[in-house]
Amino acid sequence: MLIRSPKPLHPRESEVTDHDAWLSRRLFLKKGVAGALAASTGGAGVLLAGCETTAVTARNSDGKLELGIVKPNKSYLLPDTITEKAAATTYNNFYEMGVLKSDPRENAHLLKTAPWSVRVHGMVDKPADYQLEDFIAPHQLEERIYRLRCVEAWSMVIPWVGFPMADLIGRAQPTSKARFVKFTTLLDPSMLPGQRTPVLDWPYVEALELKEALHPLTLLTVGMYGEVLPNQNGAPLRLVVPWKYGYKSIKSIVDIEFTDHRPVPSWTRAAPNEYPFYSNVNPSVNHPRWSQARERRITNIPRGLDAIGALLEPKIETLMFNGYPEVAELYRGMDMTRLF
Ligand code: MTE
């Protein structure tokens, strides 16, 4: 199994681009490319991803966590307009911070993400309890722009900062018996006040088959928009699985367990007929209570929208596997005509 050679957490000074400079260059490029495309396409989608040619450094606002070199991965270009950061960080689902879309932003300050530890255990040859910095340190961070499709029929396009889950799996060295990976969110009602209400069976749990976790698209993320993850988006460590409905992309992870039996994710436990284990985006299989054929793409701050409001204007067609057909091989022989 592939073990990546350790890389320094801190980049050489010459390799670093100041974040503000990076952002303003990026906005400049966005405007330039957008203008050119709008002129030629009448305002259709903007190609933004991968414009940068140099590496960047991402830091959080108080400088506690330095992510080091972040390279844009040009294999993940999308012809979609990137969602504005202001929208992606104010319209959220994070039930541990409240059930309204605005609650996570309002309660985000309660979550303390430093120090943060992550346990990797179960059927692995290299179990470990890591401090977050040590967990991240050996991995080469990259930026990838992915679609995020919520089961509620809204979607966004987000530039994540992270590393492939497959790299962590290489480090943990699962035994031949491991078949699933279970992820668990922090349980602490003092920092996650939504856990005082039994909306779900806390802590939030999600899981993948090991072969899904190994797929190159599966990303462990520590940042977005060139900065560390905001708390409302799942700081300091979040899974992103772009071909599945958004609830599989579990936030604020403290525990990663390799196991031989299929874990029951929180939403699957709550309503197995509505939120089954695989939950691959599939426009031809409706949620029992609404259509999944179309979605409302959020590109800027939605005003006056709540979870129901997001269902009102599903204008664009939802793509099979959210537009990531390369994952189809994982499900060969499985019945895709029902919710599974
Ligand atoms: N992870 C935890 N721990 N708790 C949650 O409530 N919500 C999920 C997912 N991860 C959720 C979670 C759902 S339903 C979605 S659509 C996405 O996070 C939303 O991510 P965003 O707020 O960054 O857009």
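This section describes the ligand site, the salt bridges and the unusual backbone geometry of a predicted model.

The ligand occupies the second largest pocket of the protein. Around the ligand are 17 residues, and the closest of these are Asn92, Tyr95, Glu96, Arg238 and Lys251. By residue class, the shell consists of eight nonpolar, six polar and three charged residues.

Polar contacts to the ligand involve both backbone and side-chain atoms of the protein. At Tyr95, a polar backbone atom is 2.8 Å from an oxygen atom of the ligand. Arg238 also approaches a ligand oxygen, in this case through a polar side-chain atom at a distance of 2.7 Å. A nitrogen atom of the ligand is placed 3.0 Å from an N or O atom in the side chain of Thr185. Taken on its own, the ligand has 540 Å² of accessible area, and the protein covers 98% of this area. Two of the residues with these contacts, Tyr95 and Arg238, also belong to the closest residues of the shell.

Salt bridges were examined next. Side chains of opposite charge can pair when their charged atoms come close. The structure contains 14 salt bridges, one of which is formed by Glu152 and Lys101. In this pair the closest N and O atoms are 3.1 Å apart. Glu152 is located in the loop between strand 5 (141-149) and strand 6 (154-164), whereas Lys101 is located in the loop between helix 2 (85-88) and helix 3 (103-107); the salt bridge therefore ties together parts that are 51 residues apart in sequence.

The loop that holds Glu152 also contains Ala153, between strand 5 and strand 6. Ala153 has a phi angle near 80°, which is a positive value in a residue other than glycine.

Cis peptide bonds occur before two prolines, Pro115 and Pro203. The bond that joins Ala114 and Pro115 has an omega of about 0°, and Pro115 is found in the loop between helix 3 and strand 3 (117-122). For the bond from Trp202 to Pro203, omega is near 0°. Pro203 is likewise a loop residue, located between strand 7 (180-185) and strand 8 (205-209). Thr185, whose side chain contacts the ligand nitrogen, falls within the range given for strand 7.

Conventions. Residues numbered from 1 in each chain as written. Predicted model: local features only at pLDDT ≥ 70, side-chain atom pairs only at ≥ 80, totals over all residues. Heavy atoms only, no water. Near = heavy atom within 4 Å. Polar contact = N/O pair within 3.5 Å; in protein donor to acceptor, adjacent residues only side chain to side chain. Areas by Shrake-Rupley, 256 points an atom, 1.4 Å probe, with all protein chains shown as cover. 1 Å grid on protein atoms, 1.4 Å probe; cavity = no way out; pocket = protein on both sides within 12 Å on 5 of 7 lines; lining within 4 Å. Sits in = over half its atoms within 2 Å of the grid points. Nonpolar A, V, L, I, M, F, W, Y, C, P; charged D, E, K, R; others polar. Salt bridge = Lys/Arg side-chain N within 4 Å of Asp/Glu carboxyl O. Helix = DSSP H or I, 4+ residues; strand = E, 2+ residues; numbered from the N terminus.
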